[in-house]
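Q: I should like to learn how the features of a protein model are read. May we go through one together, step by step?

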Amino acid sequence: MFQGFYTLTSGVLTQNRNLNVISNNMSNATTPGFKADRFVISDFYNEMMIRTGNKNKSDTTRIGTMSLIAGGDETVTDYEQGVVSVSSSTLDFSIVGEGFFAIQTDNGTVYTRNGNFSLDDQGYLCLPGVGRVLGQNGTIYLGTDRILASENGGIYNEATGALLGQLMVVDFADYAQLNKENNNVYTTNANAAASDAQIKWKTLENSNADPVEQMTRMMASQRALQSSAQILSIYDQLVTQMTTKLGPTG
């Protein structure tokens, strides 16, 4: 009977973590370039099997055959292309295909699919709140938002036709090495390679987090959490009655 506490408590904790992931997806359903996450739930038995052994895992020993505890295996990001929509801003860009914009920050280079750019107070193309956008030859100075742009990322002065800079799109061989950070950016120690993805001007890539799907998942997770919490309360009442009625009498 007491084993039920482990099962139910792990269920509550796991669903809480799942709800945190879903809530973040829902709050970024309108964030340009956002990629939704999915919390993968695994049972304790599988977790222990995965972690059995040190370097040599060829001769693992079965720890048990009964799974009593649920746990979080990992959080997986869905990098599927979001829908591209037309924008009225001349500083908006989207990537069609695989790749990321590179952004220079005080702590190094970060990467993003969010092309909702602006001009900083010195006239450089920037991602607000993050840093300056990197082009083929470093940061891109525009000085004006009256620009034209080509599908290869070239940015030109609207009045003179002069080339002001060229956007850089990079990609990575293994997205598992990307770490999602705040402000919808990624960090990594992996080497970036040039991408031949198409760059569309005056458009934005929408978030790939489907609000309807996320709401459905949230409702299912909430029901699972509430059920575990209610049964956990019943277990607690039963244990209290058992210890009261069957406890020491003298």
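**Reading the pocket, the sheet and the buried residues**

A: Let us begin with the largest pocket, which holds about 160 Å³ of space. Please keep in mind that the model is a predicted one.

Q: Which residues line the largest pocket?

A: A pocket is described by the residues around its space. Here the lining consists of Gln104, Thr105, Asp106, Asn107, Val110, Val130, Gly131 and Arg132.

Q: Which strands each supply at least two residues of that lining?

A: They are strand 5, residues 100-105, and strand 9, residues 131-135.

Q: How many helices and strands does the protein have?

A: The protein has three helices, together with 19 strands. Its chain can also be described by its contacts: of those between residues at least 6 apart in sequence, 66% join residues at least 24 apart.

Q: How do strands come together in a sheet?

A: Strands of a sheet pair through backbone hydrogen bonds, and the pairing is either parallel or antiparallel. In this structure, one open sheet is made of three strands in the order 11-12-13, with antiparallel pairing. Strand 11 (147-149) and strand 13 (163-166) are the edge strands, each pairing on one side only. From one strand to the next, the twist averages 25°.

Q: How many bridges join strand 11 to strand 12, and which residues stand opposite one another?

A: Three bridges join strand 11 to strand 12, the latter covering residues 154-157, and the two run antiparallel. Leu148 stands opposite Tyr156 of strand 12, and Ile147 has Asn157 of strand 12 as its bridge partner.

Q: What lies between strand 11 and strand 12 along the chain?

A: These two strands form a hairpin with four residues between them. Gly153, in the turn, has a positive phi of about 95°.

Q: What joins strand 12 to strand 13?

A: Again there are three bridges, and strand 12 and strand 13 run antiparallel. One example is Gly154, whose bridge partner in strand 13 is Gln166. Strand 12 and strand 13 also form a hairpin, with five residues between them, and Gly161 in that turn has a positive phi of about 80°.

Q: How much of the protein is buried, and how much area does it expose?

A: Of the 250 residues in the protein, 37% are buried. The protein exposes about 14,500 Å², and carbon and sulfur atoms supply 50% of this area.

Q: Why does Asn18 count as buried?

A: A residue is called buried when its relative accessible area is under 20%. Asn18 has a relative accessibility of 9%, and therefore counts as buried. Asn18 lies in helix 1, which spans residues 3-27. Apart from its neighbours within four places in sequence, Asn18 is in contact with Phe39, Arg217 and Ser221.

Q: Is Val185 buried or exposed?

A: The same reasoning applies. Val185 counts as buried because its relative accessibility is 5%. Val185 belongs to strand 16, residues 185-187.

Q: Which residues are in contact with Val185, leaving aside its neighbours within four places in sequence?

A: They are Val110, Tyr111, Thr112, Leu127, Val130, Asn179 and Lys180. Two of these names, Val110 and Val130, also appear in the lining of the largest pocket.

Q: How far apart are the C-alpha atoms of Val185 and Asn114?

A: Separation along the chain and separation in space are to be read as two values. Val185 and Asn114 are 71 residues apart along the chain, while their C-alpha atoms are separated by 8.2 Å.

Definitions and conventions
Residues are numbered from 1 along each chain as its sequence is written. This is a predicted model: local features need pLDDT of at least 70, side-chain atom pairs count only at pLDDT 80 or more; totals for chains, interfaces and linings use all residues. Side-chain values use heavy atoms; hydrogens and water are left out. Buried means under 20% relative accessible area, exposed over 50%, partly exposed in between (1.4 Å probe, protein chains only). Contact means heavy atoms within 4.5 Å. Accessible areas come from the Shrake-Rupley method with a 1.4 Å probe; for residues, only the protein chains shown count as cover. Two strands pair if DSSP finds at least two bridges between them. Axes are lines fitted to C-alpha atoms, for helices over the stretch in contact, and angles run from 0 to 180 degrees between N-to-C directions. On a 1 Å grid over the protein atoms alone, a cavity is a set of points where a 1.4 Å probe fits but cannot get out, and a pocket is an open set with protein on both sides within 12 Å along at least five of seven lines; lining residues have an atom within 4 Å of a point. Grid points are joined across faces, edges and corners, and a volume is the space filled by probe spheres set on the points.
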